[in-house]
Amino acid sequence: MFPTGFVWGAATSAYQIEGSITADGRGTSIWDSFCSQAGRIVEAHNAEIAIDHYNRYRDDVRLMADLGLSAYRFSVSWPRIQPDGSGSYNAKGLDFYKRLVDELLSYGIDPWLTLYHWDLPQSLEDAGGWPARDTSKRFADFAATVHAELADRVRNWSTVNEPWCAAFLGYASGEHAPGRREPEAALRAAHHLNLAHGLAVQAMRAQSADSQIGGCVNLYAISPATGSEADRDAARRIDGLQNRFFLDALLKGAYPEDVLEDLGHISDLAFIQDGDLATIASPIDMLLVNYYSRFTVSGAPGGAASAAAAPTDSGSPWVGSEHVGFVNGGRPVTAMGWEIDDAGLFEVLTRLVDEYPRIPLYISENGAAFDDALGDDGTIHDPQRRDYIEAHLRICHAAIEAGVPLQGYFAWSLMDNFEWAWGYGKRFGLVYVDYESQVRTLKSSALWYADTIRHGGLLGRAQ
Ligand code: FCB
């Protein structure tokens, strides 16, 4: 049994589900542009329709209520609300999120709002994108406006989803929008995404003391392939770029010295200005953690290529540590090729407690893609997804018993959706979506999750 008040949620993001990319005055985002470029997205899929959530949100909220979710994590689309990323706001865009939130509240579902899940207005990319410092200020203005309009009905706010991905997949490997391959620019982007977080926290805090405000990071468990010095150094480097660069900044107000040293030959880092780290470390009420897998890494020359499992032609996201190889850790994998390692979640959570100031934690994303098939009887039987989620929930429970202040869990994702560069080929949903008819069907994992929520904990394995 989980503690009373444990938050049982599911998550989505605007670009992956909404569609209607030109409706009601929405501006263009970097993902719209990226999808229109040849070779960027598997099978040239795009998100023009996605799963039509913009029109079907009422039905989707009813599904959430059927599942018994206590909370729903979603993101707002910046270009829907502020088409050019600066200047005037679009009331119709804001109204969509007001209607969505009101619908959630009418069912007693707590809205958890993420301000940025990667859909930067194209105008801001044209002005330099995240490598430009001004984008952080634009984001803080945007955050303040959304917060002013919605804080009366949304209590839980988070700033930037997975800044690592936005910076290093967007600007170093080019696997994600805007698809640039500029390692130095990616470092600037990473810093400016952190700064954007800090400035937004300050702006929202100044408007309301009631809001619960957090940052959101994607953390990995990381192991060296062997005990060799080279492999241990590889693990230190990848942990530094993936985990500590963001955690140390947000929670300790400093970038890790060893990471800055690793990066010294790429950049003089002069874009990190006096006072920035204090801004970035503005107090937050909670940390949102997305967890999927473990990396096993090797520093030996000739190790495996480092851009693990990118669907399209892309460079390395590991700026300054491009030599690191990602090796097979010998675990079962999901349809993404991501190794399943629930024990890694325990490491990640206990590490947060051991190495960082104590702060309420939430798993804001966790889940798996598998090749689901609609059965002849119209049902979808996805025991692997259920097993994945159940195993990770067991770890959440064990972590709470061990004293970790973990207060909730959001499955990724509520529904199948547009999985970025992978297009629609990878299904992460608890709910199956037929992309032709837009019919939604609860998978067996969704029915199991609903039972778990109703019970307030995990039932026996025989169930
Ligand atoms: C995370 C993203 C989310 C989804 C999952 C599978 O990195 O935040 O949008 O793509 O991975």
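The accessible surface of the protein chain adds up to about 16200 Å², and carbon and sulfur atoms account for 49% of it. Keep in mind that this is a predicted model. Of the chain's 463 residues, 62% count as buried. A compact globule with 463 residues would have a radius of gyration near 23 Å, and the chain's 21 Å agrees with that. Along the principal axes, the C-alpha atoms fill a box of roughly 55 × 55 × 45 Å.

What is the chain built from? It has 15 helices and eleven strands. If you take the contacts between residues at least 6 apart in sequence, 78% of them join residues at least 24 apart.

Helix α8, residues 163-171, is a good place to look inside. Nine of its nine residues are buried, so this helix is largely enclosed by the rest of the structure. Among those buried residues are Trp164, Phe168, Leu169 and Tyr171. So what do they pack against? The buried residues of α8 pack against the strands β3 (110-116), β4 (156-161) and β5 (212-224), along with the helices α6 (122-126), α9 (183-207) and α10 (229-252).

Now for the ligand. The residues surrounding it include Asn161, Glu162, Tyr292, Glu365, Trp412, Trp420 and Phe428. By class, the shell has five nonpolar, three polar and three charged residues. An oxygen atom of the ligand sits 2.8 Å from a side-chain N or O atom of Gln16. The side chain of His117 likewise has an N or O atom 2.8 Å from a ligand oxygen, and so does the side chain of Glu419. On its own the ligand has 290 Å² of accessible area, and the protein covers 95% of that.

Technical notes:
Residues numbered from 1 in each chain as written. Predicted model: local features only at pLDDT ≥ 70, side-chain atom pairs only at ≥ 80, totals over all residues. Heavy atoms only, no water. Near = heavy atom within 4 Å. Polar contact = N/O pair within 3.5 Å; in protein donor to acceptor, adjacent residues only side chain to side chain. Areas by Shrake-Rupley, 256 points an atom, 1.4 Å probe, with all protein chains shown as cover. Nonpolar A, V, L, I, M, F, W, Y, C, P; charged D, E, K, R; others polar. Buried < 20%, exposed > 50% of the residue type's maximum accessible area, 1.4 Å probe, protein only. Helix = DSSP H or I, 4+ residues; strand = E, 2+ residues; numbered from the N terminus. Contact = heavy atoms within 4.5 Å. Rg over C-alpha atoms; globule rule 2.2 N^0.38 Å.
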